[in-house]
Structure formats: structure tokens, C-alpha cells
Amino acid sequence: MGPEPGTRGRFITLEGGEGAGKTTLSRALTAKLAAEGLPVLRTREPGGAPGAEAVRGLILGHGPWDPVAEAMLHFAARREHVARTILPALEAGIWVVCDRFADSTLAYQGAGQGLSREVWETLCDLALGTLRPDLTLVLDLPPERGMGRALARGDANRYEMQGADFHARVRAAFLAIAAHEPGRCAVLDASRGPQEVLDLSLAAIRERLGIAA
Ligand code: Z5A
């Protein structure tokens, strides 16, 4: 079943710390929405478009960066991602499920690395125009549990190598973002198993976006 002509897709972002289960949920959620007959695209940040994937390599493969430079790299990648992948999909009536988005920059470069909220807002205005997620699912998990899951994979990146205090600030920042914008954000208990987390996300989508998934 295709989208109604002229119906814009909905934009859902998944946020949270390392190992919270965003990738796992994005796969299951996309499959579930597709099974319900919705056209849906799964994407991720940093990345999601050819140029943005190249910038991902710069961000994760180099550094440490100055926090403003690092935020600008994330927003340069995001602008490419929005222009080439997200907006065309939404305009074609396709739902977009995105693993991380602008809230990650506020949490990691802001709370984690000291970038000011004003600079973040300026970069949002420049890179995103009026685009904001319709719904953000914040997967909340004590950082030590998330790190345990992520490190078990044995491929830690330089964010994962940061200390416990950094990860505690990042977690608190995501919860503060959700408290600041309760209409856009739903906090999910990511300590539950994968099926339960999927069920929680579907309940939030039903309640907030009014679809019968
Ligand atoms: N970053 C930034 O600083 N600023 C920005 O603006 C943006 C990003 C956009 C991208 O790394 C890094 O970029 C990220 C922030 C920074 N920092 N780090 N690290 P990435 O894309 O490589 O990593 P990630 O986004 O943090 O994802 P992750 O570490 O892969 O975690 P995840 O996607 O949330 O989790 P997962 O891969 O779904 O699951 C991890 C493991 O746990 C895996 O073995 C699963 O099978 C297991 N799992 C998943 N869900 C569950 C549940 N519910 N129960 C039990 N076990 C589970």
C-alpha cells in the first residue's frame, strides 16, 4: 500500500547513549512499519548519504577535534543527509527512522564536550531550516550497561573510550532534552529486552502519531 498522494512521511529519530539498542530497535521498527504497509526508510547518523558517510569517516577516524569543529562536521554531514536522503523521502510520503540526529550533537558535543546551546541552535537553523523530528524515542539506559553491551562487540570508537563522567553527562542531557520537549520526545526504558523495547516504541508511535502499528 503506497502513501496517499500529497501525504508527507513522518520523521522518527532514535537517541540515547552507546549500546542503548538504537540500531537493534531501528531494524525491528522499520520491519514492523513496513509489515503494516507503510513505506519506510531506515537511516543513521553520522552518515546516511554518500558525502555524510565520508564525513563520518573523518569524525570517527580522526580527532580529537575542537568541540565547535566537531559539531560543524556533524552538521555538515547532517545537512547532506537531510538534503539528499531525509527530505526527498519525507516529501515522497516515506516514513524515515533515523538512528541519531541533532539531539546527539547537543548531548555529545554540548553536555559532553562543552559546546554552547546557542551555537547548537544556530547550527540547527542553518543546517535543518524548519525540519524537526515528528517523534524522538530516547532509549534510556545506565551508561555502564550500555557500555558493557557496546564493548562486548570489541570495536570501541573514541566516544566509547570516554570516561564514566562523560557518559553520565550525555545520559542526563538526553533526559533533559526529553523533559524540555515532552510533545516530541518519549523516553523508553532500554533495559528491557528487544521485543519489549519494540512494543514500547510502537505504543509511543500509536499515541503520538496516531497510526495503528
Ligand atoms: N555522535 C556525536 O558525538 N554527535 C552527533 O551529532 C552524532 C553522533 C550524530 C556514532 O557511533 C558516534 O557518534 C556515537 C555518538 C557520536 N558515539 N558512540 N559511540 P556509532 O554509530 O558507531 O555508535 P552508536 O550510535 O553509539 O551506536 P551503538 O554503540 O552501535 O549502540 P546502539 O545502536 O544503541 O546499540 P545496538 O547496536 O542496537 O546494540 C548494542 C548491543 O546490545 C548489541 O549486541 C545488541 O544485540 C545488544 N542489544 C540491543 N538491544 C538490546 C536489548 N534491548 N537488550 C539486550 N541487549 C540488547
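The buried residues of helix 4 (buried meaning under 20% relative accessible area with a 1.4 Å probe and protein chains only) pack against strand 1 (11-16), helix 3, helix 5 (117-128), strand 4 and helix 7 (164-180), where contact means heavy atoms within 4.5 Å. Helices (H or I, at least four residues) and strands (E, at least two) are DSSP runs, numbered from the N terminus. The model is predicted, and local features need pLDDT of at least 70, side-chain atom pairs count only at pLDDT 80 or more, and totals for chains, interfaces and linings use all residues. Residues are numbered from 1 along each chain as its sequence is written, and side-chain values use heavy atoms, with hydrogens and water left out.

Helix 4 is largely enclosed by the rest of the structure, because 10 of its 11 residues are buried; among them are Asp103, Thr105, Tyr108 and Gln109. Just after helix 4, Gly114 adopts a positive phi of about 95 degrees.

Helix 4 also gives the most to the shell around the ligand, contributing four residues. Of the 26 residues around the ligand, those that come nearest are Lys22, Thr23, Thr24, Arg100 and Thr105, a residue being near a molecule if one of its heavy atoms lies within 4 Å of it. Polar contacts are pairs of N or O atoms within 3.5 Å. In one such pair, a nitrogen atom of the ligand is 2.9 Å from an N or O atom in the side chain of Gln109. An oxygen atom of the ligand lies 3.1 Å from a side-chain N or O atom of Arg78, and a backbone N or O atom of Gly21 is found 2.9 Å from a ligand oxygen atom. Taken alone, the ligand exposes 1100 Å², of which the protein buries 83%, with accessible areas obtained by the Shrake-Rupley method with a 1.4 Å probe. The elements that give two or more residues to the shell around the ligand are helix 1 (22-35), helix 3 (67-91) and helix 4 (102-112).

Within strand 4 (residues 135-140) lies Asp140, which is buried at a relative accessible area of 15%. Not counting residues up to four places away in sequence, Asp140 touches Arg171, Leu175, Val187, Leu188, Asp189, Ala190 and Ser191.

Gln195, by contrast, is placed in helix 8 (residues 194-209) and counts as exposed at 51% relative accessibility, the cut-off for exposed being over 50%. The C-alpha atoms of Gln195 and Ala28 are separated by 8.6 Å, although these residues are 167 residues apart along the chain.

Conventions:
A polar contact is a pair of N or O atoms within 3.5 Å; within protein, one must be able to donate a hydrogen and the other to accept it, and residues adjacent in sequence count only if both atoms are side-chain atoms.
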